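I am going through one protein model from the whole chain down to single residues. These are my entries, in the order I looked things up.

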Amino acid sequence: MSDAGGPYLFDVGVIALAHTEAPVREAALTYVRDAIAGDIAAVVPYPALFGAHTVLTTYYGRSNTEASRLLQNFMDAKRIHWNGELSESTVRDGFSQASETNVGGWDGYYAQVAIDEGVNTVLTVDDDFERFDAFDTEVILSPAEFSELNRFLEN
């Protein structure tokens, strides 16, 4: 995979999907593997890991222990740029982003981190980030894959 669209910010859904047994997980896992290997420049906000933990335990049926272990292992990736800044200005600017584009507060925050970090592309499983002009959005699942994921989650 080339890094033509990077650096990439990993959204919660991408991180969570890569750590599941879902039939469409390869779309996310490819990016995570490339980020871990340093083949692409990746930015991951630490709060996204808490979101991924919630998604893994709530929707994908992972135990608390298993989700914690998986995400702690992911945190060991030294080639990923881990964003730990949760400053007041970033939070305020994130809420401004959310308000201006009519997305949820978390998406506004991730958009602001992407802007602050000079991210070119946000990797995601939904299209909410397409409302932002400051970066490109890559929805990693095709409509057919998204439908397959929804069927998997219903079972």
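**Entry 1: contacts along the chain**

Among contacts between residues at least 6 apart in sequence, what percentage join residues at least 24 apart? I get 64% for the chain. I note here that the model is predicted.

**Entry 2: overall layout**

I looked up the secondary structure and found 7 helices and 5 strands in the chain. Read along the sequence, the pattern is β-α-α-β-α-α-β-α-α-β-β-α. I then checked the dimensions. The C-alpha atoms fill a box of roughly 40 × 30 × 30 Å along the principal axes. The radius of gyration is 15 Å, which agrees with the value near 15 Å for a compact globule of 155 residues. Of these 155 residues, 47% are buried.

**Entry 3: strand pairing**

I followed the strand pairs by their bridges, starting from S3. S3 pairs with S2 in the parallel sense over 3 bridges, and valine 44 has tryptophan 82 in S3 as its bridge partner. S2 is joined in turn to S1 by 2 bridges, again parallel. There, tyrosine 8 is partnered by alanine 42 of S2.

On S1 I also found a parallel pairing with S4, over 3 bridges. Phenylalanine 10 has leucine 123 of S4 as its bridge partner. S4 is joined to strand S5 (residues 136-139) by 4 bridges, and these two run parallel. The partner of threonine 121 in S5 is aspartate 136.

Next I asked which residues lie on each side of S2 and whether they are buried or exposed. Ala42 and Val44 on one side are buried, and so are Val43 and Pro45 on the other; both faces of S2 are covered. I repeated the check on S4 (residues 121-124). Thr121 and Leu123 are buried on one side, Val122 and Thr124 on the other, so to speak a strand with both faces covered.**Entry 4: helix H3**

I took H3 (residues 46-58) for a closer look. Its 13 residues reach 19 Å from the first C-alpha to the last, close to the 18 Å expected at 1.5 Å a residue. The buried residues of H3 are Pro47, Ala48, Leu49, Ala52, His53, Val55 and Leu56. An α-helix has 3.6 residues a turn, so residues three or four places apart point the same way. What covers the buried residues of H3? The cover includes strands S1 (8-10), S2 (42-45) and S3 (81-83), along with helices H1 (12-18), H4 (64-75) and H6 (105-116).

**Entry 5: nonpolar core**

I searched for nonpolar cores, and the largest has 50 residues. Phe10, Ile15, Leu17 and Ile140 have the most contacts inside this core. S1, H1, H2, S2, H3, H4, H6 and S4 each supply at least two of its residues. In soluble globular proteins, nonpolar side chains tend to be buried together.

I listed what isoleucine 140 touches, leaving out residues up to four places away in sequence. The list is Val14, Leu17, Ala27, Ala28, Tyr31, Leu123, Thr124, Val125 and Glu145.

I then turned to leucine 29, which lies in helix H2 (residues 26-37). Leucine 29 has a relative accessible area of 8%; the cut-off for buried is under 20%, so this residue is buried. From leucine 29 to valine 14 the C-alpha distance is 8.1 Å, with their positions 15 residues apart in sequence.

**Entry 6: aromatic pairs**

How many aromatic pairs are in the whole structure? The search finds 9. I looked at the rings of phenylalanine 129 and phenylalanine 132: the centres are 6.1 Å apart and the planes are at 35°, so the pair is tilted. Phenylalanine 129 is buried, at 0% relative accessible area. Phenylalanine 132 also counts as buried, at 5%. Elsewhere, ring pairs link Tyr46, Phe74 and Trp82 into a cluster.

**Entry 7: a backbone angle**

I checked asparagine 102, whose phi is positive, at about 60°, although this residue is not a glycine. Asparagine 102 lies in the loop between helix H5 (88-101) and H6. Is this residue buried or exposed? Its relative accessibility is 63%, and it counts as exposed.

How values were computed
Residues numbered from 1 in each chain as written. Predicted model: local features only at pLDDT ≥ 70, side-chain atom pairs only at ≥ 80, totals over all residues. Heavy atoms only, no water. Expected span 1.5 Å × (residues − 1). Buried < 20%, exposed > 50% of the residue type's maximum accessible area, 1.4 Å probe, protein only. Contact = heavy atoms within 4.5 Å. Pairing = 2+ DSSP bridges. Core = buried A, V, L, I, M, F, W, Y, C linked by side-chain atoms within 4.5 Å. Phe/Tyr/Trp six-rings, centres within 6.5 Å; stacked < 30°, edge-to-face > 60°. Rg over C-alpha atoms; globule rule 2.2 N^0.38 Å.
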